[in-house]
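Open the model in a viewer and keep the selection panel at hand. The stops below go chain by chain, then to single residues.

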Amino acid sequence: MEPISDLIRRLADRYGRERSSLLPILQGVVEQEKFLSEYSMTEIARELNLPAADVYGTATFYSFLEYKKMGRYIIRLCKTITCSMKGENQILLTIQDLLKIKVGETTPDGNFSLLQTNCLGFCHKAPAMLINNEVYNELTPEKVRDILTSYINSNGGGIKNVNNSST
Amino acid sequence: MEKRIKITINGETTEVQPGTSVLDAAHQAGVIIPTLCYHKDLCVAGNCRVCVIEIAGQKRLAAACATPCEDGMEVLTNTLKVRNSRKHIIELLLSEHNAECTSCYRNGNCELQKLASDYKIMTQDFIDLIPFKNFTIDNFSPSIIKDDSKCIKCQRCVRTCAELQSVNALTMAYKGEHAMITTFFEKSMNDVVCTNCGQCVNHCPTGALTEKNYIEEVWSALADKNKFVVVQTAPAVRVGLGEELGFDPGKRVTGKMVAALKRLGFYAVMDTDFTADLTIMEEGTELLMRLKDALYEGREDVKLPLATSCSPGWIKFIEHIYPDFLGHLSSCKSPQQMFGALVKTYYAKARKINPSKIVSVSIMPCTAKKFEAARPEMRDSGFRDVDYVLTTRELAIMIKQAGIDFLKLQDMSFDRLMGESTGAGVIFGATGGVMEAALRTAYEIVTGREVPFENLNITPVRGMEGVKEASITIEDPLKEWAFLDGVQLNCAVAHGLANAKIVMDAVRDGKVKYHFIEFMACPGGCLGGGGQPIPTNPEIRKRRAQAIYAEDAGMPLRKSHQNPEVIKIYKEFLGKPLGEKSHKLLHTTYIKRTNF
């Protein structure tokens, strides 16, 4: 993996060093690191000559910019009304039971983090969740168990298209 | 002349310049609109909505502070709709505000409390959200306490920290109901780039940001029969204190302040202006030495420009933001710390007091001084040089607590020994003052003549312009300074850390060639300090500055090197400026800090 300071310099070369370049750079770091550490934020602040507090303010404003250490796979389960009505809670219990973590926690092996999110726009195929950038919908406890098992079995290598043809 | 536009406010026509906000137009027309997030020092935010007004033809209410006047606009500020809306807005703000007013440091001087009082908020129609949130108080800083439960998110502090000071220690983080004003990674104010200048405290409408007060500690010391509690007062306090105690801004209350301090029970009431004069002797000599090394000896490692070191907010700023420029700082301690070091050595010896029994208190217009006094470097007397630092506001509180009728006090003068000062020491309280005082002395040391300005008033360095420049050409100097003949001494003055940053960037980029720069952390210099009475705004700063210069003009001695006590202390104790003893007691070192 690219060292964070190199990554930030490369992102700044690509997106510029203006105040408006901050967001794509934050996204770029999250893409690789899954979260923004204190070190990443001070490096970004230094690279763009911005106050570190402003970087922190921006990072905490956006839901998909994490600022606490995250696992390799971030599970974001939709908690909004439709998903909630279509059994989101059963899905949540299944995930918690399988991974032995609660919302906001990361598995000890550093592979999975579990978060809740607001509407993903998949109300018509509720309940839905994201694992990193992959969408999984019309979830049932069985299905979610299969999905997670495939992630676990691939030893964190990542697996796509698990019964996901409808997306 | 520019075209003026006509608007009507509550049916009365008024003419204003284009671009005037409805709020300003109303105030010009004698109509008061309440505000909260608005402050004259800062850009318009329009986020508190307390200043809502009705505009004819518009369905929605508008924020008066953020609405520019348009020709023919009809504004209504006192309709039922406006009044009810304002009341609801205040109630909503209160529902998220820890309104335990009786136990709040800002009780009696809180803008939200005043609004609640004006609009008589007697009921609670909205759920009090405070119990549902988990607030902690950040009181790790020796200067500033941050209590989020009292924060109404008007962002005056954030704008102050960014616009006036370019420090950006505070930011808005998270969103919606979780939005809060915080620092980088929610660290303590003590662990971030905060300079402790206290401008956020001075601009906070509520008790969310307050100075850490040491009132009870000082009362305890005063009550201790075994202690000699001595006090020094900074030059800017005497032109601000009156505002807290019933006088109009710009009133000089030097004599009354001394009388009040004596009544409070201080063993000796002394003047920081004395060490301000001493600072000029040390710093002026340091400047001349550096000029000599650079121009006569031709040394290239000499750090010029020399930057002043009186303002502890500025010191912490340069330590954080320009750590590579620490060599440019004068090694002189601030007048407060020089005073502290001398009180427990020179003064103790002269008065035959055991220095361990001296409690040294200082009254400062400043919250950063609290931090400065706690710095580990500041123990050269063998003790902590300054034990407690009180702001102008804290002194006013003590005077009120003591039941002193300030208005009726008879003027008294400072105690002798470290109580004598000159006009040069007094003007330390205003931006440009240190520069002016230094030039008055340095020019005379070099040429043997007074500075070539009428009545010693070096007007180019006065006033409220953010960055001021002045040049003096040295002509016909004394023999030992002959190498300075014809040299043009370039000086600059910056006040407010945003302006300090402009000057420092120019210095770093080599765009300017200054020899000497005065930096003050607060807008207007110390008279606009973070520990001065609330409110402080451009108009009030101007009046305090006038008072400072009036005080200077009225002094019999106006040049630091004329101060008889300064002459005496060099003769009897210190030896000479930059001498061995001065070096030990009056000079200090700086450290590099992180920039976040």
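Select chain A of this predicted model. Its secondary structure amounts to 7 helices and 4 strands. Read from the N terminus, the order of elements is α-α-α-α-β-α-α-β-β-β-α. Turn the C-alpha trace of chain A along its principal axes and the spans are about 50 × 35 × 30 Å. Chain A has 167 residues, of which 34% count as buried. Among contacts in chain A with a separation of 6 or more, 60% are made by residues 24 or more positions apart.

Now colour chain A by domain: residues 4–61 make up domain 1 and residues 73–153 make up domain 2. The C-alpha centres of these two domains of chain A are 28 Å apart.

Stay on chain A and select Ala126(A) with Pro127(A). The peptide bond between them is cis, with omega near -10°. Pro127(A) sits in a loop that runs between strand E2 (112–117) and strand E3 (129–131) of chain A.

Next, show both chains and select the contact between them. Chain B contributes 12 residues and chain A contributes 11 residues. On the chain B side, the residues touching chain A comprise 8 nonpolar, 3 polar and 1 charged.

Hide chain A and colour chain B by domain. Domain 1 covers 5–78, domain 2 covers 93–211, and domain 3 is assembled from 285–332, 421–529 and 552–586. Between the C-alpha centres of domain 1 and domain 3 of chain B there are 45 Å.

Two sheets of chain B come next. For the first stop, select strands E12, E11, E14 and E15 of chain B, which form an open sheet in that order with parallel pairing. Which strands stand at the edges? They are strand E12 (268–271) and strand E15 (388–391) of chain B; each has a single partner strand, so one side of each has no neighbour in the sheet. From one strand to the next the twist averages 25°.

Zoom in on strand E11 (residues 228–233) of chain B, which pairs with E12(B) in the parallel sense over 4 bridges. Within this pair, Val231(B) is opposite Val269(B) of E12(B). Then add helix H13 (residues 392–401) of chain B, which lies across strand E14 (358–364) and E15 of chain B. The helix runs at about 85° to E15(B).

For the other sheet, select strands E13, E18, E17 and E16 of chain B. They form an open sheet of 4 strands in the order E13-E18-E17-E16, and the pairing is mixed. Its edge strands are E13 (306–307) and E16 (467–473) of chain B, each paired on one side only. E13(B) runs parallel to strand E18 (residues 516–520) of chain B, and 2 bridges join them. Here Leu306(B) faces Phe516(B), a residue in E18(B). Add helix H16 (residues 497–508) of chain B: this helix packs on the sheet and touches E16, strand E17 (488–495) and E18 of chain B. Its direction makes about 145° with that of E17(B).

From E18 of chain B, move on to the loop between that strand and helix H17 (538–553) of chain B, where Pro535(B) is found. A cis peptide bond connects Ile534(B) to Pro535(B), with omega about 5°. Most peptide bonds are trans, and most residues other than glycine have a negative phi.

The next two selections concern phi. Select Tyr174(B), a residue other than glycine with a positive phi near 60°. Tyr174(B) belongs to the loop between strand E8 (171–173) and strand E9 (180–182) of chain B. Tyr174(B) is partly exposed because 13 other C-beta atoms lie within 10 Å.

Then select Leu456(B), which is not a glycine either and has a positive phi of about 65°. Leu456(B) is in the loop between helix H15 (433–447) and E16 of chain B. Leu456(B) has 19 C-beta neighbours inside 10 Å and so counts as partly exposed, since a residue is buried at 20 or more.

End at Ser95(B), in helix H2 (residues 80–95) of chain B. With 15 C-beta neighbours inside 10 Å, Ser95(B) counts as partly exposed. Which residues does Ser95(B) touch, not counting those up to four places away in sequence? Show Phe126(B), Ile127(B), Asp128(B) and Leu129(B). Add Gln124(B), 29 residues from Ser95(B) along the chain, with a C-alpha separation of 7.9 Å.

Note on methods. Residues numbered from 1 in each chain as written. Chains lettered and ligands numbered in written order. Predicted model: local features only at pLDDT ≥ 70, side-chain atom pairs only at ≥ 80, totals over all residues. Pairing = 2+ DSSP bridges. Contact = placed C-beta atoms within 7 Å. Axes fitted to C-alpha atoms, helices over the stretch in contact; angles between N-to-C directions. Domains from an automatic or database assignment. Nonpolar A, V, L, I, M, F, W, Y, C, P; charged D, E, K, R; others polar. Buried ≥ 20, exposed ≤ 12 C-beta atoms within 10 Å, placed from the backbone.
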